[in-house]
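Work through the exercises below with the model open beside you, and try each task before reading its solution.

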Amino acid sequence: MSYERVIETMRDTCAACECDWPCDDKTEDGHGPMLDDSDMVWAICGRCRGDGTLGGHPGWYTQADFDEDPDLREDYMNHRRSCEDCNGRGKVRELTAEARSRPDVDAWIRSDYEIDATYAQEKAMGA
């Protein structure tokens, strides 16, 4: 799961009972989203450096393909596609330093990365 997707998931999760936010349980204090807008800032996308686009499609052609057809190389290098990390916006949401230092946020992000690592290991083993 992408970093931005983790943040969106945390914005849609109740901090008290970890159900979908807004939740119906009002029996105890602390109900509210794990993150709100004050916990996030906009930052320039690190992948496309704020351009919103990326060149070519990595891994589609070899140097031999380009040597065989010089026009292919020119077309390939001039082709632009939307950046997958920022969806073509050139900016992404990031957590503030204060939000990153909160134990509940850190635990949530670590758990998500551990789940992704487990899935990757299972996939590598053929599961």
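**Exercise 1.** In this predicted model, find the loop in which Asn 87 lies, and decide whether that residue is buried or exposed.

*Solution.* Begin with the neighbouring elements: strand 3 covers 80-82 and strand 4 covers 91-95, and Asn 87 belongs to the loop between them. Next, look at the backbone, where Asn 87 has a positive phi of about 55° although it is not a glycine. Finally, turn to the accessible area: exposed means over 50%, and because Asn 87 has a relative accessible area of 56%, it counts as exposed.

**Exercise 2.** Describe the loop between helix 1 and strand 1 through two of its residues, Glu 18 and Pro 22.

*Solution.* First, fix the limits of the loop, which has helix 1 (3-11) on one side and strand 1 (40-44) on the other, with Pro 22 placed between them. Glu 18 lies in the loop between helix 1 and strand 1 as well, and this residue has a positive phi of about 55° without being a glycine. Its relative accessibility is 54%, so Glu 18 counts as exposed. Then examine the peptide bond that joins Trp 21 and Pro 22, which is cis, with omega at about 0°.

**Exercise 3.** Identify the residues of the negative patch on the surface, and work out which elements give two or more residues to it.

*Solution.* Start with the members: Asp 67, Glu 68, Asp 69, Asp 71, Glu 74 and Asp 75 gather there in a patch of negative charge. The elements that give two or more residues to this patch are helix 2 (63-68) and helix 3 (70-78). Helix 3 supplies the largest share, three residues. As a last step, take one member on its own: Glu 68 lies in helix 2, and because its relative accessible area is 70%, Glu 68 is exposed.

**Exercise 4.** Set out the order of helices and strands along the sequence, and then ask how the radius of gyration of the protein stands against that of a compact globule.

*Solution.* Count the elements first, which gives five helices and four strands. Reading along the sequence, they follow the pattern α-β-β-α-α-β-β-α-α. For the overall dimensions, the C-alpha trace spans about 70 × 35 × 25 Å along its principal axes. The radius of gyration of the protein is 20 Å, whereas a compact globule of 127 residues would have one near 14 Å. To finish, consider burial across the chain: of the 127 residues in the protein, 26% are buried.

Key
Residues numbered from 1 in each chain as written. Predicted model: local features only at pLDDT ≥ 70, side-chain atom pairs only at ≥ 80, totals over all residues. Heavy atoms only, no water. Patch = residues over 30% accessible without salt bridge, like charges linked within 9 Å, V, L, I, M, F, W, Y side chains within 5 Å. Areas by Shrake-Rupley, 256 points an atom, 1.4 Å probe, with all protein chains shown as cover. Salt bridge = Lys/Arg side-chain N within 4 Å of Asp/Glu carboxyl O. Lys, Arg positive; Asp, Glu negative; His and termini not counted. Charge placed at Lys NZ, Arg CZ, Asp CG, Glu CD. Buried < 20%, exposed > 50% of the residue type's maximum accessible area, 1.4 Å probe, protein only. Rg over C-alpha atoms; globule rule 2.2 N^0.38 Å.
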